[in-house]
Amino acid sequence: MNHDAYATLRVSHKDGIAHVTLDNPPVNVLDATLMADLRHLLTALRDDLSVRVIVFASADPEFFIAHVDMSIGDTPDVLEELATGLPDGVNVFQALGELLRHQPQVTIVKLAGAARGGGAEFVTAADMAFAAIGRAGLGQMEALMGIVPGGGGTQYLAGRIGRNRALEAVLGADLYDAETAERYGWVNRAVPADQLDDVVDRLARDIAALPEGVIAAAKRALAPEDLTEGLLREHDAWAGQVVSPAAGRLIRGGLAHGAQTRDGERDLEGLLRGLAGQAAVDVVPGQEARASAT
């Protein structure tokens, strides 16, 4: 495997562990290139018996994966290319999560920055995640753009933290700190930031050093839940919202007001909430009801 073949990833391999550093400036947006690189890497590693553990980290101390590229819908040809060869029943965003969720190696996220939207979905799809106290953040902010998570987030969250808290995360659209994420069960553990590397690296080394067959046996016994029907429901819900005029206005407005810039991403929820509030004020009372009746 040629580790130099990735435009947005830095990959090293030692003692049974593949260390993958995400590096897609300015804020590690999950764009077509990063999605393709991650899919190619995970596919290449599936049959690499020398790799037992994959650890994901970010080159950016503030952002793990910011979220899906908010302008990706403007390039349908790119989405069509990403969809080529996908299994039935998943969209291009769900396909990445499902590939990660079914990876034969143990996958661990070292979360030292923010992961929203598709970034949070990636974290939740991994086998384990450890979050740096005072630095990490997790959030599904899609509702503030007039949509719902469409990359597996609803299904992964419900399994990880329960339906009630999943609804809170999806509809509350807040950024959760490391301690809250740990308490909810969204991450394995909240760790002091200066200990995150040691904690994750020691666990990865211990797992990689286990006797032959133990990892595979454990992953067979603790197999990922079959989410086929749930992913279809999620896609239908997402696809029904993403084409709405309100979603288009909010996504374009977010980009115009600083989303996907470092300053804008530091309080993305506040930025989007302000736009969503303004959009609600701009709706003439009764207009939606009249529109639905015609």
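**Exercise 1. A pair that includes R262**

R262 is partly exposed at a relative accessible area of 28% (buried means under 20%, exposed over 50% and partly exposed in between, with a 1.4 Å probe and protein chains only). The model is predicted, with local features needing pLDDT of at least 70, side-chain atom pairs counting only at pLDDT 80 or more, and totals for chains, interfaces and linings using all residues. Residues are numbered from 1 along each chain as its sequence is written, and side-chain values use heavy atoms, without hydrogens and water.

Task: find which residue forms a salt bridge with R262, and state where in the structure the two residues lie.

Solution.
- Step 1. Apply the criterion: a side-chain nitrogen of Lys or Arg within 4 Å of a carboxyl oxygen of Asp or Glu.
- Step 2. The partner is E62, with 2.9 Å between the closest N and O atoms.
- Step 3. E62 is in the loop between β3 (53–58) and β4 (63–65), while R262 belongs to helix α12 (residues 262–266), so the salt bridge ties together parts that are 200 residues apart in sequence. Helices (H or I, at least four residues) and strands (E, at least two) are DSSP runs, numbered from the N terminus.
- Step 4. E62 is partly exposed, with 30% relative accessibility.
- Step 5. The pair belongs to a network of salt bridges that links D60, E62, R262, D263 and R266.

**Exercise 2. Two further salt bridges**

Task: describe how the D127 and K219 pair and the D206 and R202 pair are placed in the sequence.

Solution.
- Step 1. D127 and K219 form a salt bridge at 2.7 Å, N to O.
- Step 2. D127 sits in the loop between α4 (118–125) and β7 (128–133), and K219 in helix α9 (residues 214–221), so this pair ties together parts that are 92 residues apart in sequence. D127 is partly exposed at 30%.
- Step 3. D206 and R202 also form a salt bridge, at 3.9 Å from N to O. The two are 4 residues apart in helix α8 (residues 196–208), which means about one helical turn between them.
- Step 4. D206, with a relative accessible area of 45%, and R202, with 44%, are both partly exposed.
- Step 5. In total the structure has 14 salt bridges.

**Exercise 3. The buried side of α5 and the nonpolar cores**

Task: state which residues of α5 are buried and what covers them, then turn to the nonpolar cores.

Solution.
- Step 1. In helix α5 (residues 153–161), the buried residues are G153, Q155, Y156, L157 and I161.
- Step 2. Their cover includes α3 (92–101), α4, α6 (163–172), α7 (178–184) and α10 (228–242), where contact means heavy atoms within 4.5 Å.
- Step 3. G162 follows α5 and has a positive phi, near 95 degrees.
- Step 4. A nonpolar core is a set of buried Ala, Val, Leu, Ile, Met, Phe, Trp, Tyr and Cys residues joined through side-chain atoms within 4.5 Å. The largest has 71 residues, of which F56 and F64 touch the most other members.
- Step 5. Helix α1 (residues 32–46) gives this core its largest share, 7 residues. Apart from this core is another of 17 residues, including V53, F130, V199 and I215.

**Exercise 4. Pockets and a cavity**

Task: give the volume of the largest pocket, the second largest pocket and the largest cavity, and describe their linings.

Solution.
- Step 1. On a 1 Å grid over the protein atoms alone, a cavity is a set of points where a 1.4 Å probe fits but cannot get out, a pocket is an open set with protein on both sides within 12 Å along at least five of seven lines, and lining residues have an atom within 4 Å of a point. Points are joined across faces, edges and corners, and a volume is the space filled by probe spheres set on them.
- Step 2. The largest pocket holds about 650 Å³. It has 31 lining residues, with I72, G73, W238, V242 and I251 the closest to its centre. Helix α11 contributes the most to this lining, 5 residues.
- Step 3. The second largest pocket holds about 550 Å³. Its lining has 22 residues, and A126, D127, L222, A223 and P224 lie nearest the centre.
- Step 4. There is 1 cavity of 30 Å³ or more, and the largest cavity has a volume of about 60 Å³. Its lining consists of L30, V68, F93, L96, G97, G118, E121, F122 and G151, with α3 and α4 as the elements that give two or more residues.
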